[in-house]
Amino acid sequence: MIARTTARIRGWGRDLMDWMEERTGIVSLTEKLLYEPTPARGRWLYTLGSATLFLITLQFLTGILLLFYYVPTTDNAWDSIHYIMTQAYFGRLIRGMHFWSANLLLFVIGLHMVRTFLSGSYKAPREMNWVVGVFLILIVTIMAFSGYALRWDQEGFWAWEVGAMISSYTPLIGSWVITTLLGGDTAGPATLSRVFALHVWLLPAVLAPLIGVHLYLLRKHGEFGATFEYSERLAALRKRRQMEETFGSVEEDGQVADAGDHSQEG
Amino acid sequence: MVDIRYGPREPVEEGEVVTEENVFDHYDEPQGFFPGQVVADLTVSTFLLAIVVVLAYAVPAPLTEPMDISTTVYVPRPEWFFFFLDQWLLYFPGAALIAVGDVIIPGLFVILLLAIPWLDKEPAYSPARRPFVTVVGLLVITVIVLNMLLALLRIVNFTGGTPAG
Amino acid sequence: MPEELQKDPLTRRQFLWMGTLGTFTGVVLTVPSAVFVLDPAIKDVLLERSDVPAEWKEVGSVFEIPASEAVEHLVEFTQKQTYDAGEPAVNGTGAKVETMTNAVLLSWRDGKLPSVLSTRDEGPLPKTQIKELERDLNALSNHCAHLGCPVRWSSETQDILCPCHGGIYDINGDHTGGPPAHGLWHYVSRIREDGTILVKHEFYVQQKGQIGPGVKTKPYVV
């Protein structure tokens with residue numbers, strides 16, 4: 001009796017899975033995402049990338065939560081943050097998480113970039129992933145920078161002021177850049193509105209799809225961490241080449257003579 | 001449906017001929033993304049989350065006095081990730097150089113970063129086997145870190161601006 | 001990139017480790033977030049705190065309220081919401097005080113001038129007269145008991161009418177027609193010796209014809 005019931009429920013489950021697979025392809029997509037082969041030896045190196053993703057997700061989560069209290073006006077921005085820090089439950093934690101994970105994010109993203117650079121992971125066919133990554137680090141930096149200004153306190157305001165002044169030295173269009181950043185030729189309510197629009201709407205809206213592209217490209221070409229992932233295969237290749245150099249090869253002459261050049265094989 | 005292999009794989013299978021073409025086709029030791037990589041990722045992420053939570057309470061996120069555009073005593077300081085740029089600005093004084101140091105060189109640096117995959121044409125991956133790129137890269141990192149430290153020293157040793165008494 | 005997928009067994013150790021980490025991360029990310037967002041609800045429902053401190057505010061004088069009319073007076077309450085941290089700012093600028101202005105409809109019970117007032121002029125009121133006046137005073141919220149629309153006094157019909165869904169109340173705020181579940185909210189009020197009416201940002205509803213404080217509830221929004 002029990003056996004028959006379990007068998008029937010299992011049958012329904014299988015039918016449902018088949019139906020979902022046929023309609024949406026969700027099962028094979030999940031399998032593709034979960035069972036993609038990754039290099040076991042470098043698994044701790046690749047956590048730099050996933051840690052970056054995690055910290056950015058944390059930024060999105062805590063940032064959205066802070067918006068429940070933050071008031072983006074020059075009169076009230078400071079007070080609303082003071083309220084978050086002193087009155088709201090877990091306000092110190094939520095804002096602290098936003099602040100510290102932003103700092104940690106910049107640090108981890110830097111390590112991620114250095115790792116990618118040193119292992120040559122940007123080489124063909126992964127060039128575009130590097131390019132997208134450079135844009136991502138730029139956007140994250142501007143977001144961190146504009147986040148300070150949203151506090152409308154001394155630290156954040158003067159940092160934004162210095163940054164805006166730096167931009168004013170852009171050749172030919174300096175005055176266009178700084179007035180656009182300030183929302184006028186002085187710093188005031190329009191400045192804060194612009195910083196808010198950048199930090200909360202524009203940059204995240206650009207960042208999120210770019211992260212998607214970054215991940216898509218990663219999955220398209222697979223992870224490439226370092227040559228030590230392939231040391232045994234590379235050793236086998238070297239050994240074969242040595243053998244061929246010593247004894248000569250009948251069937252693979254062309255490849256041995258021109259190990260670095262594949263054009264004639266294609 | 002996609003082919004699924006159960007269990008581990010040999011680096012070089014029986015009878016397989018490793019060539020320049022297929023050497024990077026698969027890793028010596030592949031693992032499924034789940035659970036092997038997921039466990040590692042989750043471990044690091046949770047560790048970072050724990051750090052963030054501890055820091056959030058141990059060192060609360062700063063909120064200095066409300067913005068005051070008329071201040072004469074406040075000492076503005078950049079965030080740590082802009083220390084190197086802050087220091088960098090000191091090397092380019094005067095009308096002719098400010099634009100070069102503040103905007104043009106950083107702009108060119110970004111373009112250089114974007115172009116790295118096309119500038120580095122060496123076929124090798126290992127940093128030891130493409131010394132030029134590695135040395136240039138390490139030099140850039142050294143300059144950034146050095147400038148950061150110089151900025152930090154300058155900030156730590158700064159005594160002016162504190163109101164008297 | 002290899003086309004083939006690889007499915008490794010999930011060991012017991014991995015399973016337990018992922019469960020532990022996942023629980024920690026899940027709890028840290030959800031519980032504080034939920035409490036942070038629910039903060040106002042927790043403070044109102046569980047701790048019975050209001051944004052508006054329980055201060056007495058002046059709202060006209062008993063000598064100004066005519067017979068057979070409900071007159072509108074404005075009252076300004078302190079409101080402590082997110083701008084106002086309730087503490088002075090560090091640089092000594094002092095905490096900002098936000099306020100909200102509400103309307104109060106003042107009338108006498110059944111529109112009849114209390115006998116005390118018909119026999120005397122303005123001047124200090126003795127305790128017994130204050131008691132009597134307090135019993136006869138209606139200090140009503142202008143906020144419909146149905147869905148909160150602003151109600152108004154109609155002299156022709158001697159009714160308080162709601163423009164949204166046709167709620168009708170009599171001069172005492174008792175429900176006489178339309179969808180509202182009960183009569184208008186009464187402000188908690190008292191009368192000073194000089195005849196000044198004071199209200200608090202606290203409310204109660206009365207049964208029809210009932211005199212004195214009824215059930216304490218909140219109109220919300222105002």
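**Interfaces of chain A and a sheet in chain C**

In this predicted model, the count between chain A and chain B is 4 salt bridges. One salt bridge joins B:D28 to A:R41, with the closest N and O atoms 3.1 Å apart. Polar contacts also cross the interface of chain A and chain B: 43 residue pairs are found, with both residues at pLDDT 80 or more.

Several elements of chain A take part. Those that give two or more residues to the side touching chain B are α2 (26–34), β1 (37–39), α3 (43–66), α4 (77–86), α5 (91–118), α6 (127–150), α7 (154–167) and α10 (231–247). The largest share comes from α5(A), with 16 residues. By class, this side of chain A has 53 nonpolar, 18 polar and 21 charged residues.

The extent of the contact can be given in residues and in area. In residues, 92 of chain A are in contact with 79 of chain B. In area, the two chains bury about 8,100 Å² between them. Carbon and sulfur atoms carry 69% of that area. On the side of chain A, the residues that lose the most area to chain B are A:W100, A:Q154 and A:R233. Together these three account for 11% of what that side buries.

Strand pairing also links the two chains. Strand β1(A) is joined by 3 bridges to β2 of chain B, residues 30–32. The two strands run antiparallel. Within this pairing, A:P37 stands opposite B:G32 of β2(B).

Chain A also meets chain C. Here the contact takes 34 residues from chain A and 30 residues from chain C. About 2,700 Å² is buried between the two chains, 68% of it on carbon and sulfur atoms. Three tyrosines of chain A, A:Y35, A:Y69 and A:Y89, lose the most area to chain C. Their combined part is 27% of what that side buries.

The rule finds 0 salt bridges across the interface of chain A and chain C. Polar contacts there number 4 residue pairs, both residues being at pLDDT 80 or more. On the side of chain A that touches chain C, at least two residues each come from α2, α3, α4, α5 and α9 (189–221). Helix α4(A) gives the most, with 7 residues. By class, this side has 19 nonpolar, 8 polar and 7 charged residues.

Within chain C, 4 strands form an open sheet. Their order is β6-β7-β8-β9, and the pairing is antiparallel. Strands β6 (152–154) and β9 (175–177) of chain C stand at the edges. Each has a single partner strand, so one side of each is left without a neighbour in the sheet. For β6(C), 3 bridges lead to β7 of chain C, residues 159–161, and the two strands run antiparallel. In this pair, C:R152 has C:L161 of β7(C) as its bridge partner.

Confidence in chain A varies along the chain. The average pLDDT of chain A is 89, and 93% of its residues score at least 70. Among the elements of chain A, α5(A) has the highest mean pLDDT, 96. The lowest mean, 45, belongs to helix α11 of chain A, residues 253–257. Over residues 253–266 of chain A the pLDDT is below 50. Beyond near neighbours in sequence, this stretch has 10 contacts in the model.

Key: Residues are numbered from 1 along each chain as its sequence is written. Chains are lettered from A and ligands numbered from 1 in the order in which they are written. This is a predicted model: local features need pLDDT of at least 70, side-chain atom pairs count only at pLDDT 80 or more; totals for chains, interfaces and linings use all residues. Side-chain values use heavy atoms; hydrogens and water are left out. Contact means heavy atoms within 4.5 Å. Buried area is the accessible area (1.4 Å probe) that two parts lose on being put together, summed over both. A salt bridge is a side-chain nitrogen of Lys or Arg within 4 Å of a carboxyl oxygen of Asp or Glu. A polar contact is a pair of N or O atoms within 3.5 Å; within protein, one must be able to donate a hydrogen and the other to accept it, and residues adjacent in sequence count only if both atoms are side-chain atoms. Ala, Val, Leu, Ile, Met, Phe, Trp, Tyr, Cys and Pro count as nonpolar, Asp, Glu, Lys and Arg as charged, and the others, Gly among them, as polar. Two strands pair if DSSP finds at least two bridges between them. pLDDT is the predictor's confidence in each residue, from 0 to 100.
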